[in-house]
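Open the model in your viewer and keep the sequence panel visible. This tour tells you what to select at each stop.

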Amino acid sequence: MASWEQQLRDELAGRDLAVASVPGKGRGLFAARSFFPGEVVISQEPYASTPNKISVGSNCDNCFASRNLRKCSVCRVAWYCGSACQREEWKLHQLECRAITALTEDRKKMLTPTIRLMVRLVLRRKLQDDKVIPSSGTDNYNLVDALESHISEVDKNQLVLYAQMANLVQLILPSFELDLKEITHTFSKFACNAHTICDPELRPLGTGLYPVLSIINHSCVPNAVLIFEGRTAYVRALQPISKNEEVSISYIETAATTMKRQDDLKHYYFTCTCPRCVKDSEEDTLLEGYRCNDQKCDGFVLPNADNSEVSSMYKTIEELERKLYHPFSITLLHTRETLLKIYMELQDWQTALMLLEYTEDALKSLTRAADILRITHGTKSEFMKELLGKLEEVRAEASFRLSAGDEQ
Ligand SMILES: C[S@@+](CC[C@H](N)C(=O)[O-])C[C@H]1O[C@@H](n2cnc3c(N)ncnc32)[C@H](O)[C@@H]1O
């Protein structure tokens with residue numbers, strides 16, 4: 001019998017696609033013929049998926065529809081939009097339902113979407129191993145096993161958390177002898193491979209693991225896009241993709257500066273070297289820059305480049321907003337906060353202090369906030385001790401100002 005890799009290659013060849021290694025990127029998905037813009041390059045059902053909201057019933061577990069939902073009367077966790085969806089999910093849910101029903105109410109609360117995704121993945125693997133449900137070249141556990149995990153780069157605390165989550169999965173599925181190391185590893189795979197399932201307006205509905213689509217690498221100038229219909233994922237060409245060209249999608253919001261995009265990509269453990277990331281920052285200036293104050297100048301100023309220029313612009317905005325808004329307006333508050341940060345970055349303490357001119361008002365608000373927090377947090381926590389200390393400092397500052405004012 002052909003290996004799972006050969007089966008994958010054969011099935012992908014039938015869809016005019018191929019897998020190949022890309023230097024510095026691991027595997028990648030390639031077009032074996034040209035695709036035109038709008039054409040579906042590949043679609044896939046998830047190996048495992050779960051709606052984001054568990055127990056509340058926001059989406060059908062099977063098709064992710066949000067109407068006519070009824071909860072499973074036994075476990076009261078799964079939701080379906082009708083008997084057809086319930087039937088389709090039954091082989092998997094039957095096992096899940098049994099496991100959930102056996103849980104205490106407290107343990108049920110630990111069933112977060114990520115834990116549930118793992119439980120469903122374990123159950124699906126078992127059903128395929130036992131041949132209760134079919135598997136294929138593009139739908140089998142070996143594909144999950146082959147996913148990138150970056151386990152050696154994962155932060156120690158994160159690893160401890162994954163290990164605790166693996167223990168929890170074992171508690172939920174006591175009749176399974178789970179390899180906890182493998183489950184820990186798979187949680188790490190979720191972090192860089194699972195996709196957020198969105199509705200057409202890009203509102204997140206749930207999470208799914210699509211092991212073939214996960215072979216597609218990222219670019220900030222992608223030639224394809226990932227969209228969902230229900231929980232079925234479709235990769236559509238955004239522009240003509242030629243034969244032998246690598247298919248790419250964006251893992252992140254592309255309408256952002258290079259710095260922001262690189263930051264968003266950090267949890268995938270690579271530095272993007274796409275054409276947008278390597279060329280100069282002209283586009284970044286357009287996305288986040290301010291026009292120069294000098295009307296004759298066509299240049300832009302980046303918020304973190306020359307803060308003195310930016311501070312004078314924010315000051316103008318604040319003056320206008322003070323005329324337009326109520327003194328307690330949240331918009332005015334945000335502008336003042338930004339302005340304060342800029343003055344502090346410039347170490348212009350004098351002007352920063354002038355922004356905080358209403359010390360007595362601040363003192364009143366802080367005292368009220370502390371009264372509330374005393375009730376919600378008690379008085380013994382480090383946070384409260386620090387807050388009450390700060391309050392004392394502000395009181396001293398206010399009385400010093402008052403007495404200085406009296407003397408003048
Ligand atoms: C969803 S997987 C993509 C498939 C992956 N290359 C593989 O071999 O399974 C995401 C991982 O692929 C790699 N990757 C994706 N896009 C990349 C890029 N543009 N440059 C370098 N590595 C990339 C990173 O290791 C990332 O964590």
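The stops run from the whole chain to the domains and then to the ligand.

Before you start, note that this is a predicted model: local features need pLDDT of at least 70, side-chain atom pairs count only at pLDDT 80 or more, and totals for chains, interfaces and linings use all residues. Residues are numbered from 1 along each chain as its sequence is written.

**Whole chain.** Show the cartoon. The chain has 15 helices and 14 strands; these are DSSP runs numbered from the N terminus, with helices (H or I) of at least four residues and strands (E) of at least two. The radius of gyration of the chain, taken over C-alpha atoms, is 28 Å, well over the 22 Å that the globule rule (2.2 Å times the number of residues to the power 0.38) gives for 408 residues, so the chain is more spread out than a compact globule. Along the principal axes, the C-alpha atoms fill a box of roughly 95 × 60 × 45 Å.

**Domains.** Colour domain 1 (4-253), domain 2 (254-286), domain 3 (290-357) and domain 4 (367-407). Their bounds come from an automatic or database domain assignment. Now select domains 1 and 3: their centres, taken over C-alpha atoms, are 45 Å apart.

**Ligand.** Select the residues with a C-beta atom, placed from the backbone, within 6 Å of the ligand. There are 18 in this shell, and the closest are Gly26, Arg27, Asn217, His218 and Phe270. Next, highlight β2 (26-31), α7 (180-193) and β9 (217-218): each supplies at least two residues of the shell. Finally, bring back the domain colours. Domain 1 (4-253) and domain 2 (254-286) each give the shell at least three residues.
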